[in-house]
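Trainee: Please pick a single part of this model, look at it closely, and then place that part within the chain as a whole.

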Amino acid sequence: MRTNEENVELANLLFPDVTDTVDDIFSKYPKRNIPDEAMVLRFAPSPTGFMHIGNVYTGLICTRLAKQSNGISILRIEDTDKEREVEKGVSMIVNGLRGFGVVFDEGMVDEEVGVGAYGPYIQSQRLEIYKVFAKQMVSKGLAYPCFLTLDELENIREEQEKSSLRTGCYGKWAKWRDASLSEIKERLEKKEKFVIRLYSTGNIENSFAMKDLVKGGVTLRENDMDAVLIKSDGFPTYHFAHPIDDTLMGITHVIRGDEWFSSVPLHYELFEKLDFKQLPYGHVSPLMKSEEGKKRKLSKRKDPEAAVSYYVERGYPKEGVLEYLLNIANSNFYDWRVQNKERSLDEFRLRIEKFNNAGALFDITKLNDICKEYIATLSAEEVYERVLEWALSFDTDTAKVLEENKDYCIKIFNIEREGSKVRKDMVKYQDAKDLLSIFFNSTFAESEVEDISDRVDKNLQEKIVEEYTKIFDIADNLDMWFGKIKNLAEKLECKPGDVAMVLRVALTHRTKTPDLYQIVQVMGNNIVEERLEAYAKSL
RNA sequence: GCCGCUAUCGUCUAACGGUUAGGACACAGGAUUCUCAAUCCUGCAAUCGGGGUUCGAUUCCCCGUAGCGGUACCA
């Protein structure tokens with residue numbers, strides 16, 4: 001056991017350069033001047049180079065809850081693991097989130113820049129701050145240096161497993177917690193690497209109650225692990241950075257992924273030892289995926305749809321993705337949506353206590369349906385703008401077509417878009433390419449002709465095309481158009497459906513298309529005649 | 001292994017301790033002056049198992065089972 005004086009001496013030995021006190025730090029982070037009900041929330045991802053759809057989900061929840069309470073949302077970057085860090089990782093996060101309309105009031109706005117008075121918002125730039133708190137804890141005997149090597153730790157774990165004990169650095173296994181000052185000095189002089197560990201005083205036998213904003217009341221065991229606070233490279237662990245950053249930044253509620261739930265006892269002890277006011281927690285369940293009858297976390301390695309890029313590249317409308325995510329968060333969103341079709345998504349009020357506390361399966365079918373419904377609400381001009389925006393980044397050929405034929409393309413997008421029966425077959429902007437290809441001779445020529453000869457005999461097809469070419473008039477209205485088809489069917493003794501099908505394939509090469517009359521109107525006289533002629537020759 | 005959380009149609013979920021257990025997506029069938037999409041109608045389909053408490057349990061309690069999370073000098 002070290003004396004109080006020895007602990008102070010130890011703290012100075014460990015952190016000779018740290019001269020600031022905890023009070024010095026606090027003076028730079030004044031209390032926020034905000035209304036009582038305002039929530040200050042932070043979303044704190046790591047720049048690992050992969051944007052998970054779950055990141056958008058949690059980020060969305062944070063920004064929403066903050067906004068609807070007139071509070072503040074903060075984007076903080078947790079880059080304390082140098083191993084996993086990736087170049088341009090911060091930009092990927094910021095842009096990925098922004099692409100889905102998830103923007104924060106404070107924090108990082110690009111690779112380097114953070115806005116707000118409570119920064120820095122990148123943890124690697126806050127190292128000096130963590131050291132001040134670590135030094136204070138060591139000087140009070142609440143933390144200590146530990147010289148256990150990775151190998152030694154491994155041996156300890158094996159021994160614990162052999163005797164089927166809980167693994168980890170706690171109690172008698174935490175060899176350095178009560179080391180004498182001279183022992184420590186000796187190692188320090190040899191320049192041995194060390195970490196700073198919490199001197200835990202919790203007892204695993206004791207339970208305590210906490211109220212989770214999402215899960216409700218739960219009872220947990222106290223923490224007794226001497227968790228690492230500062231790694232040997234000088235970076236803090238998440239556990240240590242979390243109470244410090246959240247307290248300094250004036251966070252009011254910690255909304256985070258469920259994977260942190262198990263660490264709550266540790267965090268409680270840390271808040272206490274740091275002498276901070278405990279922040280309330282809300283643990284949000286992760287998005288799951290079903291495979292072979294089992295549920296598991298949506299995984300970035302196995303599931304392409306886990307990546308945000310999956311949706312961006314295919315041109316999923318961000319509003320659709322957002323609606324789907326909102327629907328998972330609060331299932332009453334759907335009812336609200338049907339009753340408030342005209343309202344902005346921003347008007348929906350998320351209720352944290354309504355979050356489901358089991359993980360929801362990510363259902364791409366439902367997402368597709370929501371996106372389809374969303375695109376159906378857009379005007380042809382809006383569809384044009386959005387498809388173009390998508391194509392400019394992901395399909396330059398289509399972008400060129402769109403730009404060079406704006407009016408024509410808008411007419412194409414307008415097919416079956418007006419009136420009460422709006423066509424709903426576009427899930428994502430990428431799907432537009434397929435629709436467009438019918439209307440341009442270059443892409444049409446390349447398309448494969450669907451064979452309908454087993455439904456309509458080739459001779460009959462020939463006659464239909466030949467006869468129809470004679471009577472076709474672009475100026476016909478809808479009734480006249482159908483009238484001619486019916487008459488022709490009667491004359492050739494076949495079904496009107498067969499006539500329509502032959503014309504459909506002649507004009508589009510396909511058996512499944514939007515309304516044929518409207519297609520003809522948009523194509524115009526010349527193209528129709530050309531194609532009828534070409535089809536006749538091909539028979 | 002240990003610790004914790006969770007459990008209603010295939011999926012997301014609703015149901016003061018009293019409902020024919022509701023809705024949406026998906027699926028199947030039918031209707032719609034042409035195919036598909038859409039739309040409308042119809043149908044299919046669930047309270048994990050076992051004990052309690054209660055007049056009565058999807059709901060409360062216990063046990064089991066399963067799933068998920070954690071058990072790092074990763075977040």
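Mentor: Two residues are taken to be in contact when their C-beta atoms, placed from the backbone, lie within 7 Å of each other, and that cut-off is needed for what follows, since the part I have chosen is a helix described by what covers it. The model is a predicted one, and every value below is computed from it.

The helix is H11, which runs over residues 318–329 and has 12 residues. From its first C-alpha to its last it reaches 16 Å, close to the 16 Å expected at 1.5 Å a residue. A residue counts as buried when 20 or more other C-beta atoms lie within 10 Å of its own, and 9 of the 12 residues of H11 are buried, so the helix is largely enclosed by the rest of the structure. The buried residues are Gly 320, Val 321, Leu 322, Glu 323, Tyr 324, Leu 325, Leu 326, Ile 328 and Ala 329, a list that includes the glutamate at 323. Their cover includes helix H3 (53–68), helix H10 (308–314), helix H12 (333–339) and helix H13 (364–376).

Val 321 is a good residue from which to look outwards. If residues up to four places away in sequence are not counted, Val 321 touches Phe 100, Tyr 311, Tyr 316 and Leu 367. Val 321 and Leu 325 also belong to the largest nonpolar core, which has 89 residues, and these two are listed with Leu 41, Val 56, Ile 61, Val 387 and Ala 506 as the members that touch the most other members. Helix H3 gives the most to this core, with 8 residues, and H3 is also among the helices that cover the buried residues of H11. A second, separate core has 29 residues and includes Ile 129, Ala 227, Ile 230 and Leu 266.

Leu 266 leads to another helix, H9 (residues 264–273), where the buried residues are Pro 265, Leu 266, His 267, Glu 269, Leu 270 and Lys 273. These buried residues pack against H5, E6, strand E8 (216–221) and helix H8 (238–248). Just after H9, Asp 275 takes a positive phi of about 65 degrees.

Strand E1 (residues 40–43) holds Val 40, which is buried because 21 other C-beta atoms lie within 10 Å. With neighbours within four places in sequence left aside, Val 40 is in contact with Arg 32, Ile 34, Ala 66, Gly 71, Ile 72, Gly 250, Ile 251 and Thr 252. Although Val 40 and Asp 246 are 206 residues apart in sequence, their C-alpha atoms are 9.6 Å apart in space. Over chain A, of the contacts between residues at least 6 apart in sequence, 74% join residues at least 24 apart.

Some loops deserve a careful look as well. A cis peptide bond, with omega about -5 degrees, joins Gly 119 and Pro 120, and Pro 120 is found in the loop between strand E4 (114–115) and helix H5 (127–139). Lys 191, in the loop between helix H7 (181–189) and strand E6 (195–198), has a positive phi near 60 degrees although it is not glycine, and it counts as exposed, with 7 C-beta neighbours inside 10 Å. Glu 416 also has a positive phi, of about 55 degrees; it lies in the loop between helix H16 (406–413) and helix H17 (432–437) and is partly exposed, with 16 other C-beta atoms within 10 Å.

As for the whole, chain A has 23 helices and 13 strands. Its radius of gyration is 32 Å, well over the 24 Å that the globule rule gives for 539 residues, so the chain is more spread out than a compact globule. Its C-alpha atoms fill a box of roughly 110 × 55 × 40 Å along the principal axes, and buried residues make up 33% of the chain. The chain is divided into domain 1 (4–22 + 127–284), domain 2 (293–376), domain 3 (378–437) and domain 4 (448–539). Between domain 3 and domain 4, 5 residues of the former are in contact with 5 of the latter, and the domain 3 side of that meeting divides into 2 nonpolar, no polar and 3 charged residues. The C-alpha centres of these two domains lie 25 Å apart.

Definitions and conventions. Residues numbered from 1 in each chain as written. Chains lettered and ligands numbered in written order. Predicted model: local features only at pLDDT ≥ 70, side-chain atom pairs only at ≥ 80, totals over all residues. Domains from an automatic or database assignment. Nonpolar A, V, L, I, M, F, W, Y, C, P; charged D, E, K, R; others polar. Helix = DSSP H or I, 4+ residues; strand = E, 2+ residues; numbered from the N terminus. Expected span 1.5 Å × (residues − 1). Rg over C-alpha atoms; globule rule 2.2 N^0.38 Å. Core = buried A, V, L, I, M, F, W, Y, C linked by C-beta atoms within 7 Å.
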